[in-house]
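Visitor: Could you take me through the salt bridges in this one, slowly and pair by pair? I'd also like a look at the spaces inside once we're done with the charges.

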Amino acid sequence: MKELKLEADRCLMCKNPRCRTNCPIDTPIPEIINLFKDEKMLEAGETLFNNNPLSAVCAIVCPHEDQCKGNCIRGIKGEPVRFCEIESYLSNYYLENTNFEIGNRDKENIAIIGGGPAGITIAFILAKKGYKVTIFDSHEKIGGVLRYGIPEFRLPKSILDNYEKRLLQLGVKIRPNTLIGPVITLDKLFYDGYKAIFIGTGVWNPKTLNIKGESLGNVHYAIDYLKAPNVYNLGKKVCVIGAGDVAMDAARTAKKNGAEEVYILYRKGFENIPATKVELNEAIEDGVKFELFKAPLELTEEGVKYIETKNEIGENEIVNTVTIEGSEGIFSCDSIIIAVSQSPKNNIVSNTTGLETNRWGLLVTDKCGHTTRDGVFASGDVVTGAKTVVKAAAHAKLVAEEIEKYLNENK
């Protein structure tokens, strides 16, 4: 606590705070720091929650080096203010010390399909306004990618359990292990009295490499592995293909779960790794090693057949990664984890009419979250593809307002 107060005192209280300007959800950072310095902990926590119900999560998983921390004036000549640590303390303090009470639940029934970042955000906003909200989730617990895609060592599950507790306090109903589409359709939801439906089902289908060997017994997809890493027997040496945040999470999880050697195999160099600097550095600290400038050709029971690559300057000084003829080799390992992004499942789309998707299988919406079917809204990764949690929460706030506007116009 003392250390956080010293950190708050370092804030320059800029008239035009770049930290706030570069926060995707417009967190009022100077205001929060002032409240914290005045020891108004609950008020500060409530301000954070009302602006972003997922502030306790975003304080941990946001790419702060690109947002508040990376744009702090203090950081030009020294260390930036670590606002994320103050935000984490205040957000959790508020969640642990405030009881949410059920108000007049006299408004319409709303179905939320998917209890991930977008779904949780909208559930809180609309439940507090008096709407009767039911969350349908295909997993046994809500949280979506926060629970089943981010390892415990990065995001404690206790935070998500606290969110569930607060949702229940607000009167939100939760139906776990319920896959919407094959049995309970959108038509059925409307028939049963729901006046608006929100889809925030995320992206749970792993994208493939489209090379031979992906169905072998020693090959796994990162999005599946991260759901329950303890059930996997990966052996002593693991190769992770891909270099984004999910790849780093999978690699670090494998290392922490007993693999002696874990390697990231990537077709480009360090300077092109898409993972955040924090994720990359923590993977290195955990002992993850890197095999760079190698592109996979085939997966085998012995390991990954690859071809070496190099950077080549093309037209207009554009740097392209090209393969080197005759440089094929094999990287020996016990298990292979593929981590090259995800796409949405089609359980809902294949069992309903009027919902359009684009060529990547993502739901088509306007900027306010309206899908091509009346009364059905969508947001989050199922619309944009895999993005940051804070961007999902920011857009979900807009969609929540649009749902309320729609319901008021269609009474």
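Guide: Here is a walk through the charged pairs, followed by the cavities and a pocket.

This is a predicted model, so bear in mind that local features need pLDDT of at least 70, side-chain atom pairs count only at pLDDT 80 or more, and totals for chains, interfaces and linings use all residues. Residues are numbered from 1 along each chain as its sequence is written, and side-chain values use heavy atoms, with hydrogens and water left out.

Side chains of opposite charge can pair when their charged atoms come close. The cut-off here is a side-chain nitrogen of Lys or Arg within 4 Å of a carboxyl oxygen of Asp or Glu. By that rule there are 23 salt bridges.

Start with glutamate 39 and lysine 5, whose closest N and O atoms are 2.7 Å apart. Glutamate 39 sits in the loop between H3 and helix H4 (41-51) and lysine 5 in helix H1 (residues 2-9), so this pair ties together parts 34 residues apart in sequence. (Helices are DSSP runs of H or I with at least four residues, strands are E runs of at least two, and both are numbered from the N terminus.) Glutamate 39 is exposed, at 51% relative accessible area, while lysine 5 is partly exposed at 27%. For those words, buried is under 20% relative accessible area, exposed is over 50%, and partly exposed is in between, with a 1.4 Å probe and protein chains only.

Next, glutamate 164 pairs with lysine 141, with 3.8 Å between the closest N and O atoms. Glutamate 164 belongs to helix H10 (residues 157-169) and lysine 141 to the loop between strand E2 (132-136) and H9, 23 residues apart. Glutamate 164 is buried at 17%, and lysine 141 is partly exposed at 29%.

Then there's glutamate 282 with arginine 252, 3.0 Å from N to O. The glutamate is in helix H14 (residues 277-285) and the arginine in helix H13, so the pair connects parts 30 residues apart in sequence. Arginine 252 is buried, with a relative accessible area of 6%, whereas glutamate 282 is partly exposed at 29%. Both belong to a network of salt bridges that also takes in Arg154, Asp249, Lys256, Glu279 and Asp286.

Now for the spaces. On a 1 Å grid over the protein atoms alone, a cavity is a set of points where a 1.4 Å probe fits but cannot get out, a pocket is an open set with protein on both sides within 12 Å along at least five of seven lines, and lining residues have an atom within 4 Å of a point. Points are joined across faces, edges and corners, and a volume is the space filled by probe spheres set on them.

Three cavities reach 30 Å³ or more. The largest has about 150 Å³ and is lined by 17 residues, with Cys11, Cys19, Ile29, Cys72 and Val81 nearest its centre. H3 gives the most to that lining, with three residues. The second largest cavity has about 110 Å³, and its 14 lining residues include Cys23, Thr27, Cys62, Gln67 and Glu87.

As for the second largest pocket, its volume is about 290 Å³. Of its 16 lining residues, Lys157, Leu226, Lys227, Ala228 and Pro229 are closest to the centre. Helix H9 (145-148) and helix H13 (245-256) each supply at least two residues of this lining.
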